[in-house]
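With the structure open in a viewer, follow the selections below in order, pausing at each stop to look at what has been picked out.

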Amino acid sequence: MSSVERRPWRRIALVGGPSSAWAAHLLVSYLLVPPACETTSVPLHVTTAVFAVAALTSIVVGVRGVDGDRSRPFAAIVLGAIFVLAILLQGAANAMVDPCA
Amino acid sequence: MRRLALAAATVVLAGACAGEPSALDPAGGTAARLADLWWLMLVVGSVVWVVVIAVLLRAAVRGRDQDGEPGAWSGQPLVVAGGIVLPVVVLVPLLIVVFRVAEGLSHEPQQDDVRIQVVGEQFWWRVAYNDDAAAVSANEVHVPVGRPVTLELTSVDVIHSFWVPNVAGKTDLIPGETTYLRFEVDRPGVYRGFCAEFCGIQHAGMRLVLVAQPAEEFDDHVRRVAEDAGQPDSLLAAEGQRVFNRVGCADCHAVRGTEAAGVAGPDLTHLASRRTIGAGVVANTRGNLAGWVVNPQGIKPGNHMPPQPVDPEDLEALLAYLEGLE
Amino acid sequence: MTVLETRGDELRETWASPPGLVGFVSAVNHKSIGLRFIVTAFAFLLIGGLEAMLIRTQLIRPENGFLDAEAYNQLFTMHGTTMMFLFAVPMIEGLAMYLVPLMIGTRDLPFPRLNAFGYWCFLLGGVLLNWSFLTGSVPDGGWFAYTPLTGPEYSPTAGIDYWLLGVTFVEIAGVVGALELAVLILRQRAPGMSLLRMPLFVWSILVSSGMMLVAFPAVITASILLELERKLGLPFYDPGAGGNPLLWQHLFWIFGHPEVYIMLLPATGIVSAVVAVHTRRPIVAYELVAAALVAIGIISFGLWVHHMFAVGIPVLAQTLFAVASATIAIPSGIQVFAWLATMLQGRPRWSTPMLYVVGFVVTFVAGGITGVMVAAAPFDWQVHDSFFVVAHFHYVLIGGVLFPIFAGLHHWFPKMVGRVPNEGAGRLSFLLVFVGFHIAFFPQHILGLRGMPRRVYTYGETVGWDGYNAVSTIGSYLLGLGVLVYAYNLWRAWRRGPVAPDDPWGGDGLEWSTASPPEVYNFRELPVVGGRAPRWEPAPVPDNRTASTIAALAAPDGGGRQQLRTTMVAAEPDDAFAVAGPTPWPLGTAVAIGITLVGVLIDHAFLAAVGAILVVAAALRWTSPPGGWRARPETWADLEPPRSRPGGWHGLLLGLVAVACIGGSFLYAYFYLFVTADGWPPSGVGSPGLLLASAAVAAAVAGSVAVGVAGRRTEARTPALLLAGVLGMAALAADALDVADLRFSPSDHAYGAAFVTLRGFAMVVTAVGVLVLGVALRACLRRPGDPWTSAVMQITRLFWLFVAATTVVVWSVLQVTPRVSGGDGGGRPATGSHHSLGIGGGTAGELPR
């Protein structure tokens, strides 16, 4: 029996975690733009930090859960990394673009 | 080589002769920054495309040359380099440029902007200056050069979109909402604009003219637009005014300073000073005007103006009146 | 006669469709239905292509009088609609239905009757849409059908109704096909074909099916709302009565952007299949490609706002979506370089499919690059809704979807038809299609940059667009000619092409180990898989359990259409189950739906009601247990019992995901209008009544509990089901009383419209729940000990959990929102007009009129 089926939630974290974090980051950031213009952008940056950490954590947890064959999680790590990159770039937008613009 | 191709592309794309619209022949800073972004992305994009095609050609040639077993090369490094590293290296700086350009071209209205209101209607544009109920025109937007302009856009029926490619990007006109388009024009001139959102049968015939002129000329223009119509200057024109009110023109059109106060169609107070009729569809000449009055459906099928069965003498008088509305 | 031949005959008898016309309308086999999808979709490609030729002919010169404005608007609407809804998606579903069972080594789909139903919905929906040409009321609001142009005020004729009803009909086919394919792929793979050994085409279909289940409900909901506005005056999109026209755009593009990738991902799956076979190498970096498919599938749901960059959304919000859009380039790049690396490794054979693949790479990469350009928000302000965008998406959709479909059809034609198409004609068609395409669409980039908006039926002589348009039109004729050559080649091969061997290309997948065309049962003995390219690797030796399972399934032994179900991840044998055989009732159900829709279309309430009753009757007839049905033959007695839930349970689960997405879209609409409308509820309308609504929810939840009891305790099954039925009907009665007593009219304000719609959704779910109870009761009474009955019971429990959840959510939303918003204009954030994320605000009509 493979490690995949013994600890399925780790594999789920590896594949589902970063993508969910990215989706949540996008939606929350989108909704926070108007209030950011009226008050402060801090919630936007907090959002980015929280979801970037969440995405990275789920990658780490997921990779640790898959022992044995080392080449396997590579694709899943790349998949997660794409979402981490997207979160960070959206965070860069939050930092660089005036929310009132 | 690339520079040559670029130069050729420039000739094709930007070398449009006067009056032909082009996003790559910017009339001011706003359009220029968008055009610069285009050229940057064109160069970067072309390089990426050429890289991919080079690898593809290599695969094709190699495939033909070799018949032995393929080597032990795994191929994965190429996938990582081309599929991950290349896009990341290209996209990250490009996106940062995009952030900068986007922010710089914010549509947020500023205190000192010249403000012009544009209302989209099937299939023409109602234009007003400085929120002034008197300074109303149609299908022709005048702006001063060298001063930032904010258009306040809305619609009374369906969604339209205001686009003058030489001047700026487009912004939608949405019923129940006000949107903004902010730009600056540096080069005086007459630029063509279009409705860019499909808005019904005559979407294609919903065009406009944007006139960029020195500030004092612009101020003059706005002052003139706000004035009432002058008195008819001939007997024929006076007769024309009576025809105008009698046959029903006044039900839909306003001529300020007279009893004609219709609101369904364009304000005609200064019709004769406008360059086009039918929302940019034909030039404002006597022949076109006569054709338009008698059968607007022949020139712009599906627009909301019904044909006006006026007899020739009345038409003569009507044209004299309309041509006097300067 | 050998043992194998006997078995073949027995299998053939078991799986064959009855002969004649009755057999034709009753057929359920995945290959018959798949081929019907493919042929019908190809016919629609030719129709849509003809429409394109007419459009291009009109634009060949300025002020052309070939078509008038009305005809042009109708043609571009029908062209887009036909290509998206009637060609691309059905063609891909057809290919998947035909090929996936062969590729994963099974005999048929899990729900063959549902599959046949999907085909009839597609066919009738497509006919309904095109019927409009005969009535003169042709849809003319564009394939995007933006409100308020498509609303009752600006489109009073029936054209838009044809569009809404026809497209929704076709979407039903999309949703049931997706559900079918997802369960098929997850539960019926050959023993040993773990997830990471699936062919990449199967991966792409799995991802794309999941996307369809989530994306299509958004447009189905948007269409229902618009049809309600058009027929009953419920003002969802009317800004004059609390509605918002941008709600349509959000819902449409939440569907519309994933839709592009729903078509594109399977196309890349075809490319992976063709590249592997025609370079004779497995695809490099398989796992990265699979991950890329998943990544694209997910990211595609975060892009929809990039279709709305011109509606006045804050720049920062736009850049967030620009980032998401640009990110798609990474997984796309992974795929492209995986194919290139594979070609570098192998020895490409320049057959017709491979040529189309090369044309695909050249074109699709260019379309992807212009895609990054239009994703760059500020640049999009210039080219949005211009011919630049037309060029971009034709590069992506023709280059990215049509070329791979042509590659795939040619590639699998020998397998599907048993005859080989002509290579010379195939290559000629490629040359014409490829060259014609670029002549037609490259100049459109320039037209867009030079200011030509989309969807204009004519343009002036002095505007400088004539030359590019003339060239483009000539290119489109070449492209059209190429498509005809391609079609003729396949037609000729079908009639009198050389007979195909079983494996003409030396393929890697299981589909090539069947006969050409495959026997009706596909595989005499189900295959066992030990790697990603089963035909290029030595076959594994199955363990005892697997071997005996396969042996048992090779002999139907009177057990009906037996199939093997395997586990979701590792594909270990789990259970045998029989699928239902031929029946005309899927057609009957589809026809009944058609009658209902026509009733709505012609404002004939009686006809619509009759149709709705017929739908229920036909569906009940169709779901009666198949005759001679038996879950496990006696020879299975010594095998372990199944370890997981029946396939029907998984099918329902996915179906409920789709229904939940419809409900979620209703909720989205409710909250969207809540945020943007003036007053929620509008002044004069108090908060909704609490008593009857709460009683209805309590009854529905109690019903769900009763169903749970019925599922756990066999002896109390019948009374518990009866009790649940009574509770369900009580809930419906309380709901009906409550709604009948509303103090507002749903057509006065968007609040009432959204309220009634959400409530109606919960009531429909409850009513279907009562019908499901009827089916369960019938099963319990007629076949108490049957495994079929226990499967029905599991399904009923799942459905009633959903009923309970739906009613509770709807109740909370409807009760809480009016109370927190304080009744008058509350709940609405102060909007700095364009800071409102494209969700309303600002005041219109500041100008004198």
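In this predicted model, begin by selecting domain 1 of chain C and domain 3 of chain C, whose C-alpha centres lie 35 Å apart. To set the selections by residue number, use 3-510 for domain 1 and 649-835 for domain 3, and note that chain C also has a domain 2, at 584-622.

Next, pick out the contact between domain 1 of chain C and domain 3 of chain C, to which domain 1 contributes 30 residues and domain 3 contributes 27 residues. On the side of domain 1 of chain C that touches domain 3 of chain C, select helix H6 (159-187), helix H7 (200-232) and helix H8 (245-279) of chain C, each of which supplies at least two residues. Of the elements on this side of domain 1, H7(C) gives the most, with nine residues. Colouring the side of domain 1 that touches domain 3 by residue class will show 22 nonpolar, seven polar and one charged.

Now move to the contact between chain A and chain C, which takes 25 residues from chain A and 24 residues from chain C. Staying with the side of chain A that touches chain C, select helix H1 (3-6), helix H2 (8-38) and helix H4 (73-96) of chain A, the elements that give two or more residues to this side. Which helix provides the largest share of the side of chain A that touches chain C? That share, twelve residues, comes from H4(A). As a last step, colour this side of chain A by class, where 20 nonpolar, four polar and one charged residues are found.

Methods. Residues numbered from 1 in each chain as written. Chains lettered and ligands numbered in written order. Predicted model: local features only at pLDDT ≥ 70, side-chain atom pairs only at ≥ 80, totals over all residues. Domains from an automatic or database assignment. Contact = placed C-beta atoms within 7 Å. Helix = DSSP H or I, 4+ residues; strand = E, 2+ residues; numbered from the N terminus. Nonpolar A, V, L, I, M, F, W, Y, C, P; charged D, E, K, R; others polar.
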